[in-house]
Amino acid sequence: MNTKKSILLIIIVLLIDQFSKIYIKTNFLLGQETYIFDWFRIHFIENNGAAWGTELGGKAGKLVLTLFRLCAIVGIGIWLRNSIRDKSHNLLIIAISLIFCGALGNIIDSVFYGLFFTKSTVSDIALFTSSGYEALFYGKVVDMLYFPIWQGVLPTWVPVLGGQFFTFFNAIFNIADSAISIGVIILIFFNNTIFSNKA
């Protein structure tokens, strides 16, 4: 896989990610949910960008996380460039490209969305603006894909969670998260193929 194809993949996934986020942010109230199927819903939430919406020590933690991601994406970009230069296996280049564009997609939210949108709330849909809801580096990441494949009360014999209401799969995520996950899955499941052969 050459540089042009890698860049094309990154651009396509990034455009889908950003279009979906901007559409949801400017058309949905925070917390609004639309059923596509019982097991697939669009559910608009925002978070500070950590995995599973984890909070990391307020504004200082948010800034550290964003700066870490910026450094990480530079490292991923170098890995991608070197892999293309070394004519590594196509699956490796695809995986790194997906991880790169996924990370970049969430960085765009974190760095810029606070500047260009009004705040999303349960009563107000966000609008484009020249005076946003937060400063540079403090925007929130938009998530909307929700797949509650199964919901119900677990049998009492299940350890720890028995007798409690449970949802599988409970995470709400976005296209960028999906790209990162797919890239990592490729690296894990095709490890032997990727690192033992050249394309």
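Reader: How many aromatic pairs are there in this one?
Author: The count comes to 11 aromatic pairs, and keep in mind that this is a predicted model.

Reader: OK, what's the geometry of F40 and F147?
Author: That pair is stacked, with 4.6 Å centre to centre and 5° between the planes.

Reader: And where do the two sit in the chain?
Author: They link distant parts of it: F40 is in strand β2 (residues 40-47), F147 is in the loop between β3 and β4, and 107 residues separate them.

Reader: Is F40 buried or exposed?
Author: F40 is buried, at 16% relative accessible area. F147 comes out at 22%, so it counts as partly exposed; the cut-off for buried is under 20%.

Reader: Which rings make up the cluster?
Author: Ring pairs join F37, W39, F40, F147, F168, F169 and F173 into a cluster.

Reader: Switching to the backbone, which residues does the cis peptide bond join?
Author: F168 and F169, with omega at about 20°. Both residues also belong to that ring cluster. F169 is in the loop between β5 (165-168) and β6 (172-173).

Reader: Why bother pointing that bond out?
Author: Because most peptide bonds are trans.

Reader: Fair. What about phi of F137?
Author: It's near 80°, a positive value in a residue other than glycine. F137 lies in the loop between α3 (90-116) and β3 (141-146) and is partly exposed at 23% relative accessibility.

Reader: And V160, what's phi there?
Author: Near 65°, also positive in a non-glycine residue. V160 is in the loop between β4 (150-153) and β5, and it is exposed, with a relative accessible area of 77%.

Note on methods. Residues are numbered from 1 along each chain as its sequence is written. This is a predicted model: local features need pLDDT of at least 70, side-chain atom pairs count only at pLDDT 80 or more; totals for chains, interfaces and linings use all residues. Side-chain values use heavy atoms; hydrogens and water are left out. Helices (H or I, at least four residues) and strands (E, at least two) are DSSP runs, numbered from the N terminus. Buried means under 20% relative accessible area, exposed over 50%, partly exposed in between (1.4 Å probe, protein chains only). Rings of Phe, Tyr and Trp (its six-membered ring) pair if their centres lie within 6.5 Å; planes under 30 degrees apart count as stacked, over 60 as edge-to-face and the rest as tilted.
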